[in-house]
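Dear colleague,

I am handing over the structure that you will be working with, and below it I have written down what was found. Please read the notes with the structure open beside you.

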Amino acid sequence: MTTLLISLLLTLLQAAAPGARPLPPPLSVARWWDPPPGPYAAGHRGVDLFAPVGAELRAVGPGRVHHAGQVAGRGVLSLTLPNGLRTTYEPVRPLVAEGEQVSTGQVVAVLTEGSHCPAPCLHWGLLAGEVYLNPLTLVPRPTPRLLPDPGPL
């Protein structure tokens, strides 16, 4: 129930203030978010996005750097957004320091080797407190548009 309410909140927040993508479009998903049934159960607590080593990673919204450094031998960056949500990026070489303010779209890290994907990828996560959410809910949706009528075929 909590996850459902937080997902609804995210949808409303996205409509009010669309953010940026962590990588340039189009995003290519290597592995989708697969939430665990419980806090200690197996699951995939984020999404893996294919990207080359050295890719510039951007802040998906304004916020403050929560952590920039090593965790379990991998470079990790986490940003706290104004609504209290926290995004995480790994494996990275952070370009910002803990406590620093960042703006939407600012380059905040560079992708490094050491991902758990078969090819280089960014593991991108989203948390509300201790609850993991689908980070793709932060990605701005494309604006639908009508194409010109090509006429009779």
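A first place to look is strand β9, where Val110 is the bridge partner of Arg93. Please keep in mind throughout that this is a predicted model. The pairing to which these two residues belong consists of three bridges that join β7 to strand β9, which covers residues 107–111, and the two strands run antiparallel. Both strands belong to an open sheet of three strands, which has the order β3-β9-β7 with antiparallel pairing. Because β3 (56–58) and β7 (92–94) each have a single partner strand, they stand at the edges, and one side of each is left without a neighbour in the sheet. Neighbouring strands of this sheet are turned against each other by 35 degrees on average, with direction ignored.

Stepping back to the whole protein chain, you will find one helix and eleven strands, and if you follow the elements from the N terminus, their order is α-β-β-β-β-β-β-β-β-β-β-β. The protein chain has 153 residues, of which 36% count as buried, and it exposes about 8900 Å², with carbon and sulfur atoms supplying 61% of that area. If you take the contacts with a separation of 6 or more, 60% of them are accounted for by residues 24 or more positions apart.

Another set of pairings is built around strand β4 (residues 63–71). Seven bridges join β4 to strand β5 (residues 74–80), and these two run antiparallel; within this pairing, Val65 stands opposite Leu79 in β5. The hairpin that β4 and β5 form has two residues between the strands, and in it Ala72 takes a positive phi near 55 degrees. Strand β4 is also joined by two bridges to strand β8 (residues 101–102), again in an antiparallel arrangement, and here Arg64 stands opposite Gln101 in β8.

Next comes the nonpolar core. In soluble globular proteins, nonpolar side chains tend to be buried together. In this model the largest nonpolar core has 28 residues, and those that touch the most other members are Leu57, Leu77, Leu79, Tyr89, Val108, Leu122 and Trp124. At least two residues of this core are supplied by each of β2 (47–50), β5, β9 and β10, and the largest share, four residues, comes from β10. For Val108, leaving aside its neighbours within four places in sequence, the residues in contact are Leu57, Arg58, Ala59, Leu77, Leu79, Pro94, Leu95, Val96 and Val102.

Two further residues are worth finding on your screen. His123 lies in strand β10 (residues 121–128), and because its relative accessible area is 13%, which is under the 20% cut-off, His123 counts as buried. Its side chain makes a polar contact of 2.8 Å with the side chain of Asp48. Apart from neighbours within four places in sequence, His123 is in contact with several residues, including His44, Arg45, Thr88, Tyr89 and His116. Val131, by contrast, is found in strand β11 (residues 131–133) and is partly exposed, with a relative accessible area of 27%. Val131 and Leu85 are 46 residues apart in sequence, while their C-alpha atoms are 9.9 Å apart in space.

With best wishes

How values were computed. Residues are numbered from 1 along each chain as its sequence is written. This is a predicted model: local features need pLDDT of at least 70, side-chain atom pairs count only at pLDDT 80 or more; totals for chains, interfaces and linings use all residues. Side-chain values use heavy atoms; hydrogens and water are left out. Buried means under 20% relative accessible area, exposed over 50%, partly exposed in between (1.4 Å probe, protein chains only). A polar contact is a pair of N or O atoms within 3.5 Å; within protein, one must be able to donate a hydrogen and the other to accept it, and residues adjacent in sequence count only if both atoms are side-chain atoms. Contact means heavy atoms within 4.5 Å. Accessible areas come from the Shrake-Rupley method with a 1.4 Å probe; for residues, only the protein chains shown count as cover. Two strands pair if DSSP finds at least two bridges between them. Axes are lines fitted to C-alpha atoms, for helices over the stretch in contact, and angles run from 0 to 180 degrees between N-to-C directions. A nonpolar core is a set of buried Ala, Val, Leu, Ile, Met, Phe, Trp, Tyr and Cys residues joined through side-chain atoms within 4.5 Å.
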